[in-house]
Amino acid sequence: GRKGSGVGELDWPRDVAVDKDGNIVVLERENKRVQIFDADNGHSLCSFPVDGENPFDVAVDSKGRIRVTSYGDNYGVRCYSKEGKLLNTFKPDSLFDPAGVAVLKDGRMVVVDNMQECCLLLRPNGSLIRDIGKGHLQRPWFIAVDELRGVLYVTDLDA
């Protein structure tokens with residue numbers, strides 16, 4: 001799309017994911033919304049506003065639910081239905097500055113925490129399982145998971 005706030009238009013697309021139906025899910029920072037596009041023809045199927053001061057990253061779980069991280073005063077990991085209904089907001093005590101997010105097939109989440117310079121493995125309810133990479137990451141940003149190989153890929157801006 002072109003720059004703007006209308007249907008099919010984008011303003012500072014921050015991240016992209018693919019849902020279980022093959023649709024393209026785009027998180028827009030400036031419009032503070034998620035917009036879902038048909039992968040075959042590029043038409044906007046729907047859009048919905050997201051909460052949080054600074055939307056940062058988007059991921060889609062195996063059930064089609066959309067996770068959005070945001071940082072700032074109203075930080076957290078928010079879970080939306082594909083129709084845009086806010087289902088839950090996770091703000092675990094262990095999370096201070098969320099950035100990238102990935103959702104595993106079983107619903108667990110891996111969330112990058114910039115302030116703690118690590119990733120957090122969270123249960124589907126948002127509670128902490130353990131931290132990953134503490135002492136090895138300097139400024140982690142985004143994450144991708146290869147569950148087949150059991151590997152996490154993390155971008156580190158200061159590496």
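Trainee: How many helices and how many strands does the protein have?

Mentor: Keep in mind that this is a predicted model. Going from the N terminus, you meet β after β along the chain: β-β-β-β-β-β-β-β-β-β-β-β-β-β. So the tally, with strands counted as DSSP runs of at least two residues, is 0 helices and 14 strands.

Trainee: What radius of gyration does the protein have, and what would a compact globule have?

Mentor: Start with the chain, which has 159 residues. For that number, a compact globule would come out near 15 Å, and the protein agrees with this because its own value is 15 Å. The C-alpha trace spans about 45 × 30 × 30 Å along its principal axes. To put the answer in one place, the globule would be near 15 Å and the protein has 15 Å.

Trainee: What share of the residues is buried?

Mentor: Buried here means under 20% relative accessible area. Apply that cut-off to the 159 residues, and the buried share is 48%.

Trainee: Which strands each supply at least two residues of the lining of the largest pocket?

Mentor: This pocket has a volume of about 180 Å³. Its lining includes R130 and I132, V145 and D146, and V151 and L152. Match those numbers to the strand ranges, and you land on β12 (128-132), β13 (140-146) and β14 (151-156).

Trainee: How many nonpolar, polar and charged residues are in that lining?

Mentor: Among the lining residues are L104, V110 and L121, along with R108, E147 and G150. Leu and Val count as nonpolar, Arg and Glu as charged, and Gly as polar. Sorted this way, the full lining has 7 nonpolar, 1 polar and 4 charged residues.

Technical notes. Residues numbered from 1 in each chain as written. Predicted model: local features only at pLDDT ≥ 70, side-chain atom pairs only at ≥ 80, totals over all residues. Heavy atoms only, no water. 1 Å grid on protein atoms, 1.4 Å probe; cavity = no way out; pocket = protein on both sides within 12 Å on 5 of 7 lines; lining within 4 Å. Points joined across faces, edges and corners; volume = space filled by probe spheres on them. Helix = DSSP H or I, 4+ residues; strand = E, 2+ residues; numbered from the N terminus. Rg over C-alpha atoms; globule rule 2.2 N^0.38 Å. Buried < 20%, exposed > 50% of the residue type's maximum accessible area, 1.4 Å probe, protein only.
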